[in-house]
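Biologist: I would like to learn how to read a fold from its coordinates. Could you walk me through one, feature by feature?

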Amino acid sequence: MTMSATPPYPLALDILAIAAHRDDVEQTCGGTLLKMAQLGHRTGILDLTKGEMGTRGSAEDRAREALDAAKILCVSWRHALDIPDGRVENTWENRLKVAGIIRQTTPRVLILPYWKGRHPDHYTASILGYEACFLAGLAKLDVNGAKEGTRHDSTRVTTPTEEAGHDFNPAVAPSHAGGQDVRRAVTPTNAGGHDFSRAANPLHQKGVLSPEVLPPHRPFKIIYATLYYDTRPTFVVDITDQFEARFDSLMAYKTQFSDQEAGKGIFPAQAEIRARVEAMARYYGMLAGVTYGEPFLQKEVGLVEDLTQIPVKSI
Ligand SMILES: [Zn+2]
């Protein structure tokens with residue numbers, strides 16, 4: 001993190017993606033997040049749960065894998081809340097937790113899961129995320145009512161009270177240094193590692209980062225990643241150039257997707273996963289006239305200035 005008194009607080013993300021589980025974002029909008037980072041936008045991921053109920057791997061394994069995946073997608077910030085896995089509920093407490101994150105990260109664009117689906121955690125995360133955005137904009141609301149536990153994963157994924165200002169800046173990883181420069185916040189002080197310790201943050205010691213002093217914020221735009229559900233998207237993002245990296249980010253979850261005995265009956269083999277992911281990306285790409293695409297839905301109508309510039313061919 002930088003030591004200046006202005007940024008990194010609030011974190012000032014351009015785009016934040018919220019999902020129920022670690023690896024959801026990688027499957028539904030990872031290519032889009034990478035593309036946005038390559039365009040110079042600051043992106044982030046909030047996972048609502050830590051994955052402790054998964055058939056394969058522990059929450060600690062998942063935390064490590066989530067950071068690996070985040071590096072591949074060049075996101076500037078990633079955090080997991082302590083909402084129980086398999087029990088994402090749209091409660092007041094959970095809404096306050098998410099609202100606190102919205103205020104801390106001040107995204108202009110928020111990506112939520114679609115509001116229908118097979119897994120209750122997924123569609124509940126959608127409604128929870130939307131209502132949290134509404135709360136986050138209420139000037140008189142003290143979001144500090146939600147206190148998260150202070151338990152840490154071994155990988156030091158941060159808690160909301162300590163995370164502000166601790167960008168882990170995965171884009172500094174040497175393996176990604178050759179890509180687009182998304183490292184606007186990188187300084188010599190944060191390039192060497194990921195020090196998430198509370199004491200290392202002078203801003204926190206001054207109390208500047210307390211959630212109760214965070215100003216209200218609502219994202220300008222909320223869009224829904226629909227890939228988990230069979231519905232017609234209102235737009236598709238061309239991820240042709242990001243498809244391989246997006247697949248790599250999914251494969252970073254080695255405990256989930258490498259071929260193994262545990263859960264063999266319910267998890268497809270790795271080759272099958274590749275085929276499925278590719279088929280879906282091809283399908284949505286085809287709808288938009290590109291090779292690979294990721295589908296999204298917006299509730300609002302589209303706005304057009306010049307009819308001759310509308311993309312996607314009709315005939
Ligand atoms: Zn999920």
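Modeller: We will go from the overall make-up to the sheet, then to the core and a pair of helices. Please keep in mind that this is a predicted model.

Biologist: Happy to start there. How many helices and strands does the chain have?

Modeller: The chain has 11 helices and seven strands. Buried residues account for 46% of its 315 residues. Taking contacts between residues at least 6 apart in sequence, 82% of them join residues at least 24 apart.

Biologist: Now the sheet. In which order do the seven strands lie?

Modeller: The general idea comes first: strands of a sheet pair through backbone hydrogen bonds, either parallel or antiparallel. Here the seven strands form an open sheet in the order β3-β2-β1-β4-β5-β7-β6, and the pairing is mixed. At the edges are β3 (77-80) and β6 (235-238), each of which pairs on one side only. On average, neighbouring strands of this sheet are turned by 25° against each other, direction ignored.

Biologist: Which helix packs on the sheet and touches β2 and β3?

Modeller: That is helix α3 (residues 59-72), which touches β2 (43-47) and β3. The direction of α3 makes about 160° with that of β3.

Biologist: Mixed pairing should show up strand by strand. Which way do β1 and its partners run, parallel or antiparallel?

Modeller: Strand β1 runs parallel to β2, joined by five bridges, and L16 stands opposite G44 in β2. Three bridges join β1 to strand β4 (residues 109-113), also in parallel; there, I15 stands opposite V109. For the antiparallel case, look at β5 (residues 221-225) and β7 (residues 293-297), which are joined by two bridges. The bridge partner of Y224 in β7 is L297.

Biologist: And the side chains of β1: which residues point which way?

Modeller: In a regular strand the side chains alternate between the two faces of the sheet. In β1, I15, A17 and A19 point one way, while L16 and I18 point the other way. Strand β1 (residues 15-19) is mostly covered, with five of its five residues buried.

Biologist: That leads to the core. Which residues touch the most other members of the largest nonpolar core?

Modeller: This core has 66 residues, and those touching the most other members are A17, I18, L33, L48, L73, V75 and I111. Helix α3 supplies the largest share of the core, seven residues. For a closer look, take L48: leaving out residues up to four places away in sequence, L48 touches I18, A20, L81, I83, V88 and A125.

Biologist: Last topic, helix pairs. At what angle do α2 and α9 pack?

Modeller: Helix α2 (residues 30-38) and helix α9 (residues 243-251) pack at about 120°, with their axes 9 Å apart. An angle of that kind falls in none of the roughly parallel, roughly antiparallel or roughly perpendicular ranges, so α2 counts as oblique to α9. The crossing of α2 past α9 is right-handed. On the α2 side the contact is made by G30, G31 and L34, and on the α9 side by F243, A245, R246 and S249.

Biologist: Which residues of α9 are buried, and what covers them?

Modeller: The buried residues in α9 are F243, R246, F247, S249, L250 and M251. Their cover includes α1 (24-28), α2, α3, α10 (254-257) and α11 (270-288).

Conventions: Residues are numbered from 1 along each chain as its sequence is written. This is a predicted model: local features need pLDDT of at least 70, side-chain atom pairs count only at pLDDT 80 or more; totals for chains, interfaces and linings use all residues. Helices (H or I, at least four residues) and strands (E, at least two) are DSSP runs, numbered from the N terminus. A residue is buried if 20 or more other C-beta atoms lie within 10 Å of its own, exposed if 12 or fewer, and partly exposed in between; C-beta atoms are placed from the backbone. Two residues are in contact if their C-beta atoms, placed from the backbone, lie within 7 Å. Two strands pair if DSSP finds at least two bridges between them. Axes are lines fitted to C-alpha atoms, for helices over the stretch in contact, and angles run from 0 to 180 degrees between N-to-C directions. A nonpolar core is a set of buried Ala, Val, Leu, Ile, Met, Phe, Trp, Tyr and Cys residues joined through C-beta atoms within 7 Å. Angles under 35 degrees count as roughly parallel, over 145 as roughly antiparallel, 65 to 115 as roughly perpendicular and the rest as oblique. A crossing is left-handed if the near helix is turned anticlockwise from the far one by less than a right angle, and right-handed if clockwise.
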